[in-house]
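Please look over the model shown here. A short report on its annotated spans, helix packing, chain contact and charged pairs is wanted.

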Amino acid sequence: MKAKPKHLHPAAIIVFLTQVVKDWWILLVLAIANRLWWWLLLAVCIVLVIEILRYVTFTYAIDEHEIVIKRGLINKKQTHLTYPKIQTFQTKQWFFMKPLGLVNLKVASSAQADKQAEVNLPVISMREVKQLEKLKQNATSNENSSEKILDIDKVEQHEQISQRYQIKWRDLNLYALTSFSIVPILLGLGFIYNRLDDMLPDGVMDGMIKNFSQQTEQVIFWDIIILIVLAAFASYCFIVQRYYHFKTTTYDEQLTMQKGFFQTDKVTVRLNRIQSVVFEQSWLRHLLHLTTIQALVAANASDNEQSGNVVVIPVVQNKASHKIAHRFVKWLSVENVKPTEWLQASRRGKWAIIRNTGLPALVISIGICIFWWPYGVGSFILLPLAWSLGSYAGRTTGVGILHQDMLRIQIGHFFGKKTYYLPKKNIQSCQIKQSIFMQRTTLAHLIISVRNGNVETSLKIRYLPRQDAHKIYSWFAE
Amino acid sequence: MGQQLPESIKSVWRLQASLNLLIEIIVIVGMVCGFYFLKWPMWIIAIIAMIGIIFSVGEFILIPYRYQFWRYQISDHDVEMTTGFFIKKTTAVPILRIQDVTLSAGPLLQFKKLQSVKIHTAAAVHEIGGVDRQTATKLKTKIMDLAKEEDVYES
């Protein structure tokens with residue numbers, strides 16, 4: 001069966017156009033501010049022509065075995081993606097697209113060729129997504145066992161939801177409050193300030209600053225406090241709307257995560273395609289005994305451009321975390337079992353980690369002291385901080401073989417920690433690194449490399465005793 | 001342990017280092033011209049020249065070292081590589097994780113009839129600096145055969 005190539009829904013032109021506006025809004029604002037109407041008209045015409053051409057030349061076909069996408073006018077491009085190769089299947093739907101039954105669909109394989117998902121259909125109808133899901137389901141069930149040639153209806157029955165998790169309002173609040181993403185927002189504000197400074201006519205910004213600097217110190221202080229509170233509140237609202245109605249379900253070996261208030265974001269991944277499961281605790285959540293459970297996938301499916309971390313459970317009490325993770329990912333154990341042999345940095349190694357964090361802190365402190373005498377002495381408070389950071393990292397970082405084909409790696413960083421459960425089949429390579437100084441002390445770093453999104457994640461367990469590092473290495477290489 | 005790269009790789013590296021030196025000299029000459037005609041400050045040129053010379057000398061000195069400590073070994077189920085002495089790295093890549101093997105040769109490697117072998121896993125690329133063409137092809141077929149035997153990589 002050869003499906004006929006189709007165009008996207010005409011609303012795609014609007015999506016393309018908004019993307020253009022998003023990319024060039026600064027120029028647009030400038031043009032309007034400087035009243036360059038004719039240039040603006042010219043630009044709009046060019047953009048319109050380009051985007052309509054893009055729409056006309058973009059076709060897709062959903063076949064029995066593959067999706068085919070054709071695009072480009074001068075530089076023609078064809079992408080074929082067969083169903084068994086699909087890693088993640090992601091739909092995004094803005095609230096205003098819901099009544100129209102339209103969604104944005106991204107399908108990605110594990111190929112590393114492109115930064116973006118192989119198949120990105122900005123606007124297609126919900127019906128087609130359903131059809132695609134069925135075809136995909138069929139393809140994989142055929143692949144798994146040749147006897148199981150099911151017709152579509154049967155698959156449908158099969159698809160009973162076996163597990164589900166729905167976030168509670170309290171948990172959502174906890175998650176948003178402990179996300180602590182005020183820092184990126186402040187950075188963002190700084191970035192916007194810089195941009196505006198470059199873009200706006202000279203007088204405007206200077207005037208504002210002058211106005212500001214005439215205020216008394218107290219007023220400035222309060223302004224800054226208000227700004228920070230506003231940023232924190234904005235970040236809180238942002239996270240609440242993004243994780244609103246967060247829901248995780250499994251059915252038929254598939255894990256689906258759904259979330260979002262304004263934009264419903266739904267990611268589906270087959271359970272056996274999950275590279276690793278991560279229990280993450282930032283320092284704040286560590287303090288409150290909370291854990292975030294994430295899955296690493298081999299394709300680009302997260303909010304973040306590069307990484308493939310998909311949140312499975314946003315926030316859960318430490319004690320309950322393994323139980324709930326086991327419900328969704330069967331190969332995890334129900335309890336938080338420590339491996340029989342938990343390998344950590346030796347006493348000598350722990351000292352080396354403390355030294356590595358302490359020395360830079362010492363250098364910085366001395367530098368500050370010299371430049372800012374005598375107040376700079378206060379910066380020596382960095383030293384105990386660096387010491388405790390190093391000793392914490394040394395105490396929490398470790399690795400152990402859980403059973404024949406699973407590794408448990410825990411990495412401590414900045415008073416938080418990440419615990420990886422990593423099946424042997426998903427470890428891409430294993431490396432032992434040893435500098436000449438470490439030969440004397442018989443220590444070695446162990447570096448385990450995993451696929452994460454479109455990039456590599458290296459898990460470094462530092463300053464292990466050499467024979468311990470070799471234990472893992474030979475377990476892996478056998 | 002393991003197999004050493006062919007002796008001729010050293011002359012390739014030497015050629016490479018000489019080429020880099022040549023480029024540096026051209027840059028420095030250009031900057032001296034800048035000093036004469038455009039009144040550039042002399043000390044910047046001196047610093048850049050110093051850095052360039054230090055790097056080049058280092059590159060030359062490190063060639064025997066690099067050669068001596070770069071080993072590889074291919075067994076039935078994995079590829080092992082060891083590089084370096086000051087910072088010694090031992091890497092194991094199971095053949096089942098190998099996605100593809102790239103053989104490539106720039107003009108310098110071609111001149112010495114060598115080829116570099118790049119082993120791609122789903123996460124990263126590992127390189128065996130240069131081996132002669134026969135070994136490279138043998139390596140490639142061996143890896144690909146071993147990879148074929150087992151079921152396709154399921155990630």
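The report below takes the annotated spans, then the helix pair, the interface and the salt bridges.

This is a predicted model.

**Annotated spans**

The unreviewed UniProt entry for chain A lists "transmembrane region" at residues 12–32, 38–62, 172–193, 219–239, 357–375 and 381–402. For chain B, the unreviewed UniProt entry places "transmembrane region" at residues 21–38 and 44–65. Another feature of chain B, "domain: YdbS-like PH", comes from an unreviewed UniProt entry and covers residues 67–142. The table gives the secondary structure of some of these spans.

| Span | Helix | Strand | Distance between end C-alpha atoms |
|---|---|---|---|
| Residues 12–32, chain A | 100% | 0% | 26 Å |
| Residues 357–375, chain A | 79% | 0% | 23 Å |
| Residues 21–38, chain B | 100% | 0% | 25 Å |
| Residues 44–65, chain B | 100% | 0% | 32 Å |
| Residues 67–142, chain B | 22% | 54% | 24 Å |

In chain A, residues 357–375 are 79% helix and have no strand. In chain B, residues 67–142 are 54% strand and 22% helix.

**A helix pair in chain B**

Helix α1 (residues 9–38) and helix α2 (residues 42–68) of chain B have axes that come within 10 Å. The crossing angle is roughly 175°. Angles over 145 degrees count as roughly antiparallel, so α1(B) and α2(B) are roughly antiparallel to each other. Their contact has 18 nonpolar, 4 polar and 5 charged residues.

**The interface of chains A and B**

How many residues of each chain are in contact? Chain A contributes 29 residues and chain B 22. The two chains bury about 2,200 Å² between them. Carbon and sulfur atoms account for 44% of that area. Which residues of chain A lose the most area to chain B? They are Gln428(A), Ile436(A) and Tyr473(A). Together these three make up 25% of what the chain A side buries. The count of salt bridges between chain A and chain B is 0.

**Salt bridges**

Side chains of opposite charge can pair when their charged atoms come close. Over all chains, a search of the whole structure finds 6 salt bridges. One of them joins Glu128(A) and Lys6(A), with the closest N and O atoms 2.5 Å apart. Glu128(A) sits in helix α3 (residues 126–144) of chain A, and Lys6(A) in strand β1 (residues 6–7) of chain A, so the pair ties together parts that are 122 residues apart in sequence.

Key. Residues are numbered from 1 along each chain as its sequence is written. Chains are lettered from A and ligands numbered from 1 in the order in which they are written. This is a predicted model: local features need pLDDT of at least 70, side-chain atom pairs count only at pLDDT 80 or more; totals for chains, interfaces and linings use all residues. Side-chain values use heavy atoms; hydrogens and water are left out. Axes are lines fitted to C-alpha atoms, for helices over the stretch in contact, and angles run from 0 to 180 degrees between N-to-C directions. Helices (H or I, at least four residues) and strands (E, at least two) are DSSP runs, numbered from the N terminus. Angles under 35 degrees count as roughly parallel, over 145 as roughly antiparallel, 65 to 115 as roughly perpendicular and the rest as oblique. Ala, Val, Leu, Ile, Met, Phe, Trp, Tyr, Cys and Pro count as nonpolar, Asp, Glu, Lys and Arg as charged, and the others, Gly among them, as polar. UniProt positions are given in the numbering used here, feature names are shortened, and annotations may be inferred rather than shown by experiment. Contact means heavy atoms within 4.5 Å. Buried area is the accessible area (1.4 Å probe) that two parts lose on being put together, summed over both. A salt bridge is a side-chain nitrogen of Lys or Arg within 4 Å of a carboxyl oxygen of Asp or Glu.
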